[in-house]
Amino acid sequence: MFENYLDDKPIEKALLAAFAELVRATGNTSVADVGCRTGVTTRILADLDVEPTGIDLSPNMIAEARAQYGDDNVKVYTSSFTSMYTAVTSHRQACKMKLVC
């Protein structure tokens, strides 16, 4: 659906591609898209072979993201990043996500 979304945005396209390349080079491809809104960047990152998790405070934005990408293995959640980080670290799991803001 958004395969052409960045066609008229060459700088943004190059930055996301470079970011995805750096993430893949680490061997840990998990990233957090904080403030993901409707998940457009989250979807693009998934298409660039990283494992994004979209986080947004707005239930309406997350509902739209799920409506568009629910069957595409794109994970999106209504939460604040601090709440999600606290939940992860309180279970003594290492938080190894890179951030996209």
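## Strand pairing

In which sense do strand 2 and strand 3 pair, parallel or antiparallel, and over how many bridges? In this predicted model, strand 2 and strand 3 pair in the parallel sense, and four bridges join them. One residue pair illustrates this: isoleucine 55 has tyrosine 77, in strand 3, as its bridge partner.

Strand 2 also pairs with strand 1, which spans residues 30-34. The sense is again parallel, with five bridges between strand 1 and strand 2. Here aspartate 33 has glycine 54, in strand 2, as its bridge partner. Between these two strands the chain passes through helix 2, and the resulting β-α-β crossover from strand 1 to strand 2 is right-handed.

Strand 2 thus pairs with strand 1 and with strand 3. Strand 2 is also mostly covered, as five of its six residues are buried. In a regular strand, side chains alternate between the two faces of the sheet.

## The two sides of helix 3

Helix 3 comprises residues 59-69, and its buried residues are Ile62, Ala65 and Tyr69. These residues lie on the same side of helix 3 because they cover an arc of only 60° around the axis. A general property of helices helps in reading this pattern: an α-helix has 3.6 residues a turn, so residues three or four places apart point the same way.

Which elements cover the buried residues of helix 3? The cover includes helix 2 (40-47), strand 2 (51-56) and strand 3 (75-78). The face of helix 3 turned away from the buried side carries the exposed residues Pro59, Asn60 and Ala67.

## Two loop residues with positive phi

Two loop residues deserve separate mention. Arginine 37 is located in the loop between strand 1 and helix 2. The phi angle of arginine 37 is near 55°, which is a positive value in a residue other than glycine. Is arginine 37 buried or exposed? Arginine 37 counts as exposed because its relative accessibility is 53%, and the cut-off for exposed is over 50%.

Aspartate 49 is located in the loop between helix 2 and strand 2. The phi angle of aspartate 49 is near 65°, again a positive value in a residue other than glycine. With a relative accessibility of 56%, aspartate 49 therefore counts as exposed.

Conventions
Residues are numbered from 1 along each chain as its sequence is written. This is a predicted model: local features need pLDDT of at least 70, side-chain atom pairs count only at pLDDT 80 or more; totals for chains, interfaces and linings use all residues. Side-chain values use heavy atoms; hydrogens and water are left out. Buried means under 20% relative accessible area, exposed over 50%, partly exposed in between (1.4 Å probe, protein chains only). The arc is that of the directions from the helix axis to the C-beta atoms. Contact means heavy atoms within 4.5 Å. Two strands pair if DSSP finds at least two bridges between them. A crossover is right-handed if, with the strands pointing away from the viewer, the path from the first strand over the helix to the second runs clockwise.
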